[in-house]
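Dear colleague,

Please find below the structure that I am handing over to you. The notes after it set out what was found.

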Amino acid sequence: MARLVLLSEGLTGRSYELKVDTTTVGRVADNAFEIPEASVSSHHAEILLRGQDVVVRDLNSTNGTFINGERVEGEAVLKPGQILRLGTIDMRLETGVPAAAKAKKELDQTRVIPQGVKMDELTGTGSTAPFETKGFEKKSNKGAKIFAIFAIIVGLVLVGALFYVIFKK
């Protein structure tokens, strides 16, 4: 049996079973599924059961009807697991498929991810040495030495210029 499960804060966990061919949803009490929330129109939408399909029809609501974020213009099919939003209220369509059958279906669609590369496959030698240090060298300080020499020369020139200006008089 299909049912709508509310997901929005304050209404979480509340659900409505879709038992009849046409279910009206809206803010006022004369709807089959009443959602007393300001963003939901008085008569917001209809949920229609057509064979195995669940169809949503927007009733010219003020804040719109959306399935997985896409606006419903007229009618649209709502599939199990999809999110239906009326105004600011989110709900999910769930079907009567047992959880075990659903889990098995999801397992059938999984992929096996291969294990990472082993060390002996990298080296090709079969050695168990965790790391070899060949190829690594200590970083050169040549740039730092050149900067230090340049800074000393500039400092000496500035001190010399200062002495020249002071003792020139």
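Which charged end sits over the ring of Phe-66? That place is taken by the charged end of Arg-85, 4.2 Å from the centre of the ring. Please keep in mind throughout that this is a predicted model.

I begin with the chain as a whole. It contains 11 strands and three helices. Read from the N terminus, the order is β-β-β-β-β-β-β-β-β-β-β-α-α-α. The chain has 169 residues, and 23% of them are buried. Its accessible surface amounts to about 12,700 Å², and carbon and sulfur atoms hold 58% of that area. Of the contacts with a separation of 6 or more, 33% are between residues 24 or more positions apart.

Next come the aromatic rings. A pair of aromatic rings is described by the distance of the centres and the angle of the planes. Two aromatic pairs are present in the structure. One of them is formed by Tyr-16 and Phe-33, which are stacked with 4.8 Å from centre to centre and 15° between the planes. This pair links distant parts of the chain, since Tyr-16 belongs to strand β2 (residues 15–17) and Phe-33 to strand β4 (residues 33–34), 17 residues apart. Are these two residues buried or exposed? Phe-33 is buried, because its relative accessible area is 2%, which falls under 20%. Tyr-16 has a relative accessible area of 22% and is therefore partly exposed.

Phe-163 and Phe-167 also form a stacked pair, with 5.8 Å between the centres and 10° between the planes. Both residues lie in helix α3, and the four residues that separate them in sequence correspond to about one turn of the helix. The helix itself covers residues 142–167. Phe-167 counts as exposed because its relative accessibility is 61%, which is over 50%. Phe-163, at a relative accessible area of 48%, is partly exposed.

These two phenylalanines reappear on the surface of the model. Phe-163 and Phe-167 form a nonpolar patch there together with Val-159, Leu-162 and Ile-166. The accessible area of the five residues together is about 540 Å².

I turn now to the charged side chains. How many salt bridges are there? The count comes to six. One of them joins the side chains of Arg-3 and Glu-94, at 3.0 Å from N to O. Arg-3 is part of strand β1 (residues 3–6) and Glu-94 is part of strand β11 (residues 89–94), so this salt bridge ties together parts that are 91 residues apart in sequence. Arg-3 is partly exposed at a relative accessible area of 32%, and Glu-94 is partly exposed at 23%.

Glu-94 also meets the side chain of Arg-92 in a salt bridge, again with an N to O distance of 3.0 Å. Arg-92 counts as partly exposed, with a relative accessibility of 28%. Elsewhere, salt bridges with shared partners join Glu-46, Arg-50, Arg-57 and Glu-75 into one network. A further salt bridge is formed by Glu-73 and Arg-71, whose closest N and O atoms are 3.6 Å apart. In this pair, Glu-73 counts as exposed at 62% relative accessibility, whereas Arg-71 is partly exposed, with a relative accessible area of 43%.

Lastly, I draw your attention to Ile-35. Its relative accessible area is 0%, and Ile-35 is therefore buried. Which residues does Ile-35 touch, not counting those up to four places away in sequence? The residues touched are Leu-6, Leu-11, Arg-14, Val-25, Gly-26, Arg-27, Val-40, Leu-86, Ile-89 and Met-91. Of these, Val-25 is 10 residues from Ile-35 in sequence, and the C-alpha atoms of the two are 7.2 Å apart in space.

When you open the model, two places may serve as starting points. One is Glu-94, whose side chain meets Arg-3 in one salt bridge and Arg-92 in another. The other is helix α3, in which Phe-163 and Phe-167 both lie and where their rings are stacked.

With kind regards

Terms used
Residues are numbered from 1 along each chain as its sequence is written. This is a predicted model: local features need pLDDT of at least 70, side-chain atom pairs count only at pLDDT 80 or more; totals for chains, interfaces and linings use all residues. Side-chain values use heavy atoms; hydrogens and water are left out. Patches are made of residues with over 30% relative accessible area and no salt bridge: like charges are joined within 9 Å, nonpolar side chains (Val, Leu, Ile, Met, Phe, Trp, Tyr) within 5 Å. Accessible areas come from the Shrake-Rupley method with a 1.4 Å probe; for residues, only the protein chains shown count as cover. A salt bridge is a side-chain nitrogen of Lys or Arg within 4 Å of a carboxyl oxygen of Asp or Glu. Buried means under 20% relative accessible area, exposed over 50%, partly exposed in between (1.4 Å probe, protein chains only). Contact means heavy atoms within 4.5 Å. Rings of Phe, Tyr and Trp (its six-membered ring) pair if their centres lie within 6.5 Å; planes under 30 degrees apart count as stacked, over 60 as edge-to-face and the rest as tilted. A charge sits over a ring if NZ of Lys or CZ of Arg is within 6 Å of the ring centre and within 35 degrees of the ring normal.
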